[in-house]
Amino acid sequence: MRRGPGLRWLAAGLLTLLALGLAGLTLAAQLRPARLVTTDPPAGARLTTAPAAVTLTFNGPLDAERTHVWLIGPGGAFGATGAPRYRDNGVEVPVTVMGDGRYRVGYHAQLATGQTATGVVPVHRRRGARLAHSTESPSMDCILVSARASL
């Protein structure tokens, strides 16, 4: 008994559908919007000790040339410190927090696929809390961290 071309057409059709499905999944993964996944310190945290660094993690690999992170403190003052360290989907920026009050970690991140995310994460430092790694005058309101890669 000889089989007709029907079985070959069915196999070719199934392989074509599988290939199209995989291509669609790949495209969908690249087109997902960029978003902030986690922060350290966490959003809304009330800290008793100033952090030595701020870490932001996103849902995809970052374009280091187009990603910026900053820390703005009470009174809106800012200044630069430390070079950012990019790892996988995150960026860690060394900071020096001086003084008590409300701080805002701002970011504009671009994933390697081109999608962007922009936002602000509030963090509070309690009055009278201990300063970590402080070598400067506590009269400064804040330090801004600009996390632009120097390539």
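A contact means heavy atoms within 4.5 Å. Keep that in mind for these exercises on a predicted model.

**Exercise 1. Find out how the chain is built and which contacts dominate its longer-separation set.**

Start with the parts: the chain holds 1 helix and 8 strands. Next, walk along from the N terminus, and you meet them in the order α-β-β-β-β-β-β-β-β. Then look at contacts with a separation of 6 or more: 74% of them join residues 24 or more positions apart. Finally, check burial: 37% of the 151 residues count as buried.

**Exercise 2. Work out where you can trust the coordinates.**

Begin with the whole chain, where the average pLDDT is 76 and 73% of the residues score at least 70. Now go element by element: confidence is lowest in helix α1 (residues 6-31), with a mean of 76, and highest in strand β1 (residues 36-40), at 94. Over residues 129-151, though, the pLDDT is below 50, even though this stretch has 76 contacts in the model beyond near neighbours in sequence. Where pLDDT is low, the predicted coordinates should not be read in detail.

**Exercise 3. Track down the aromatic pairing and say what it links.**

Searching the whole structure turns up 1 aromatic pair. The partners are F58 and Y107, with 5.5 Å from centre to centre and 70° between the planes. To name the geometry, recall that an angle over 60 degrees counts as edge-to-face, and that is how F58 and Y107 are classed. Now place the rings: F58 sits in strand β3 (residues 53-58) and Y107 in strand β7 (residues 101-110), so the pair ties together parts that are 49 residues apart in sequence. Are the two rings buried or exposed? Buried means under 20% relative accessible area. F58 comes in at 2%, so F58 is buried. Y107 has 8%, so Y107 is buried too.

**Exercise 4. Describe the cavity and its walls.**

First, count: there is 1 cavity of 30 Å³ or more. For its size, take a volume of about 70 Å³. Next, list some of the lining residues, among them P41, L47, V97, Y103 and H124. Which elements give two or more residues to this lining? They are β7 and β8 (116-130), and β8 gives the most, with 3 residues. Last, sort the lining by class: you get 9 nonpolar, 1 polar and 1 charged residues. R125 is one of the lining residues, and Arg counts as charged.

Key:
Residues are numbered from 1 along each chain as its sequence is written. This is a predicted model: local features need pLDDT of at least 70, side-chain atom pairs count only at pLDDT 80 or more; totals for chains, interfaces and linings use all residues. Side-chain values use heavy atoms; hydrogens and water are left out. Rings of Phe, Tyr and Trp (its six-membered ring) pair if their centres lie within 6.5 Å; planes under 30 degrees apart count as stacked, over 60 as edge-to-face and the rest as tilted. Helices (H or I, at least four residues) and strands (E, at least two) are DSSP runs, numbered from the N terminus. Buried means under 20% relative accessible area, exposed over 50%, partly exposed in between (1.4 Å probe, protein chains only). On a 1 Å grid over the protein atoms alone, a cavity is a set of points where a 1.4 Å probe fits but cannot get out, and a pocket is an open set with protein on both sides within 12 Å along at least five of seven lines; lining residues have an atom within 4 Å of a point. Grid points are joined across faces, edges and corners, and a volume is the space filled by probe spheres set on the points. pLDDT is the predictor's confidence in each residue, from 0 to 100.
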